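Please open the model in your viewer and keep the selection panel at hand. The tour goes from one selection to the next, with a short account of what is found at each stop.

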Amino acid sequence: MPNVRRQSTLKAPAICAGVSLHGGRQTRLVMAPAAPDTGLVFRRTDVTDRDNLVPVRPNAVTGVRNCTTITNAAAVGVSTIEHLLAALSAAGVDNLLIDLDGPELPALDGSAEPFLKLIEQVGLERQAAPRRYVRVLKPVEIRSGDMFARIEPCNRLELDVTIDFEDAAIGRQRLRMAPDVQAFRERLASARTFARMHEVAALQQAGLSQGGSLDNAVVVNGDEVLNPDGLRFEDEFVRHKALDLIGDMYLGGPVLGRITTVKSGHGLNHDLLTKLFACRDCWTYEVLPGAHALVAMTGGQARPAFGPAIAVSA
């Protein structure tokens, strides 16, 4: 077989634990190596009476309010997956069995950096199977009020993300970049999730943000950032939105396309991915030459968006 980009998994298990952002419970996560073509699969170890495997696929998404949630046919779900998926996408991890002892991932510091550091400490194992990318062939866009998302053909992944908040501490911010693993590590990985003070009470009344604190989120009140140590970047807010976008798009596998969003969130990100895969003339799977021939973010095997479930080697 000619020199092509190949799938990868971790060399050894990677373990972390912490409080979940919305549920507020202590949660343990173990990322274990998996065979080629397994894809990314969560296993809810606290569920023993029914199917507890939850594959990462776009058509598994069942919730997009303040986080991304996926659920299997047995109604077993996993939420707040976007930060881990962003780190896996940037690092180029294709195949994992991810054990989780609760319904939500640990928040850690509210960014993707702890996940990325774990992955890089353990290291990657290259596998024999070729990696498939999702190449965008035609533009696809979606609008909702003043929110907008578009994906169009490009030979690498490129992002153009704009946010616009009334809060003076956030305001209007724009980020444009091609997020290869180095750029992700240096510019996006440590950007934390954020909330506005007037939203916190409403979120908690709705059963969300039970584990949220200044240790795992940036909280703003008008023109003030409430975290004692301030921001990690002047534009940390838009950087985190770009991080979320990468994680949400990785539900469909690594993408070759230029993505532009304005005031987007998990819901619009998912709608864009769904609309892309629903337009069969707008994309194709593609195997790419070896790493030296592509300047782009490495990513995992593209799982079929609306095809049959992938067999899991556990």
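## A sheet of three strands

Select Arg196 to begin: in β17, its bridge partner is Val220. Bear in mind throughout that this is a predicted model. The pair belongs to the contact between β16 and β17, which run parallel to each other and are joined over 3 bridges.

Next, keep Val220 selected and add Val225, which is its bridge partner in β18. Asn221 can be added as well, since its partner in β18 is Glu224. Strand β17, residues 218-221, pairs with β18 in the antiparallel sense, and the pairing extends over 2 bridges. Between β17 and β18 there are 2 residues, so that the two strands make a hairpin, and Gly222 in the turn has a positive phi of about 65°.

Now show the three strands together, and an open sheet appears in the order β16-β17-β18, with mixed pairing. The edges are taken by β16 and by β18 (224-225), and because each of these has a single partner strand, one side of each is left without a neighbour in the sheet.

## The largest pocket

Which residues lie nearest the centre of the largest pocket? Select Asn66, Phe194, Ala195, Glu199 and Lys241, which are the ones nearest the centre among the 36 residues that line it. Elements that give two or more residues to this lining include β16 (194-196), the edge strand of the previous stop, together with α1 (82-91), β14 (158-164) and α5 (236-249). The element that gives the most is α4, with 5 residues.

If you colour the lining by class, 14 residues come out as nonpolar, 13 as polar and 9 as charged. The volume of this pocket is about 850 Å³.

## Helix α6

Move on to α6 (266-278), another of the elements with two or more residues in the lining of the largest pocket. A distance check between its end C-alpha atoms gives 18 Å, which agrees with the 18 Å that its 13 residues should span at 1.5 Å a residue. Selecting the buried residues of this helix picks out His266, Gly267, Leu268, Asn269, His270, Leu272, Leu273, Leu276 and Phe277.

## The cysteines

Select Cys279 and Cys282, whose sulfur atoms are 2.1 Å apart and form a disulfide. A search of the whole structure finds 1 disulfide. The link between Cys279 and Cys282 is right-handed, with 60° about the S-S bond.

Are the two ends of this link buried or exposed? Cys279 counts as partly exposed because its relative accessibility is 26%, whereas Cys282 is buried, with a relative accessible area of 4%. For two further cysteines, select Cys67, which counts as buried at 6% relative accessibility, and Cys154, which counts as buried at 11%.

## A second sheet

For the last stop, select Arg135 and its bridge partner in β21, Thr284. Strand β11, residues 132-136, and β21 run antiparallel and are joined by 5 bridges. Adding β19 completes an open sheet of 3 strands, in the order β19-β11-β21, in which the pairing is mixed. The edge strands here are β19 (255-256) and β21 (283-287), each of which pairs on one side only.

Technical notes
Residues numbered from 1 in each chain as written. Predicted model: local features only at pLDDT ≥ 70, side-chain atom pairs only at ≥ 80, totals over all residues. Heavy atoms only, no water. 1 Å grid on protein atoms, 1.4 Å probe; cavity = no way out; pocket = protein on both sides within 12 Å on 5 of 7 lines; lining within 4 Å. Points joined across faces, edges and corners; volume = space filled by probe spheres on them. Helix = DSSP H or I, 4+ residues; strand = E, 2+ residues; numbered from the N terminus. Nonpolar A, V, L, I, M, F, W, Y, C, P; charged D, E, K, R; others polar. Disulfide = S-S within 2.5 Å. Buried < 20%, exposed > 50% of the residue type's maximum accessible area, 1.4 Å probe, protein only. Expected span 1.5 Å × (residues − 1). Pairing = 2+ DSSP bridges.
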